[in-house]
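Thanks for sharing this one. Here are a few notes to read alongside the coordinates.

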Amino acid sequence: MNDDDYSATELGSHWFQGPDPEPDRREGEVLRFGPGVTAAAARRTGNAPTAVEIWHGTLPGTPPPRPARPRRPRRYALAALVLVAVLAFLAWREYGPRAAVRDVAVTAPGPLGCDGTADVVGVVRTDGRPGTLTYHWERSDGTRSAPLRETLVRGQEEARLHLLWTFHGPGTHRAVARLVITSPAARTAEGTFTYRCG
């Protein structure tokens, strides 16, 4: 039998030994897996064929199997990138640059009559970012308010800060109210009005 004509599924009848096997017995049948062991190979080794011979190995010229490449998580790369971008935007919006003051002005009422209360208004214009204004009022009579705070929400570009100043008794007084912004930036503005009574 020529080695080149060998078929992996061929059963070699010359491998049966002894008399015809009894029914239902398969002792003499040769089972071959893969390239198998040919009769020529058995003759070269001098080994008598056995009931079952299994050959393990690689055919000459056959490259070894390549190891499986680990899967790269490409399908999740875009989702992860979007998630990182969203988190960065939220962090910047929450913890990024705070509100910036663009302009401060103070308006005061006209002449104030007897025992009247002046409503002095400070108008603070910002860039619309969220933050907190810290400020206080100073009056020309030498008094000063405690530190005050005004919370700015996103998109709010103007804050109106009020000072109520009450006068009693006769006389004339030129009043000056000064608004002092201490945070996020130092800014000052003032307004003037006159109190007349009598």
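1. A good place to begin is a facing pair: A105 sits opposite V123 in β2. This is a predicted model, so please read every point below in that light. The two strands involved, β1 and β2 (residues 117–126), pair in the antiparallel sense over 6 bridges.

2. Stepping back to the sheet, it is an open one made of 3 strands in the order β1-β2-β5, with antiparallel pairing. Its edges are β1 (101–107) and β5 (158–166); each has a single partner strand, so one side of each is left without a neighbour in the sheet. On average, neighbouring strands here are turned by 15 degrees against each other, direction ignored.

3. The loop between β1 and β2 holds D115, which deserves a look in your backbone check. D115 is not a glycine, yet its phi is positive, at about 50 degrees. Most residues other than glycine have a negative phi. With a relative accessible area of 47%, D115 is partly exposed.

4. A second backbone point concerns the peptide bond between S183 and P184, which is cis with omega of about 10 degrees. Most peptide bonds are trans. P184 belongs to the loop between β6 (171–183) and β7 (187–197).

5. Is T134 buried or exposed? T134 lies in strand β3 (residues 131–139) and has a relative accessible area of 14%; because the cut-off for buried is under 20%, T134 counts as buried. Apart from neighbours within four places in sequence, T134 is in contact with L148, R149, V180, I181, T182 and S183. Among these contacts, S183 is also the residue joined to P184 by the cis bond.

Terms used. Residues are numbered from 1 along each chain as its sequence is written. This is a predicted model: local features need pLDDT of at least 70, side-chain atom pairs count only at pLDDT 80 or more; totals for chains, interfaces and linings use all residues. Side-chain values use heavy atoms; hydrogens and water are left out. Helices (H or I, at least four residues) and strands (E, at least two) are DSSP runs, numbered from the N terminus. Buried means under 20% relative accessible area, exposed over 50%, partly exposed in between (1.4 Å probe, protein chains only). Contact means heavy atoms within 4.5 Å. Two strands pair if DSSP finds at least two bridges between them. Axes are lines fitted to C-alpha atoms, for helices over the stretch in contact, and angles run from 0 to 180 degrees between N-to-C directions.
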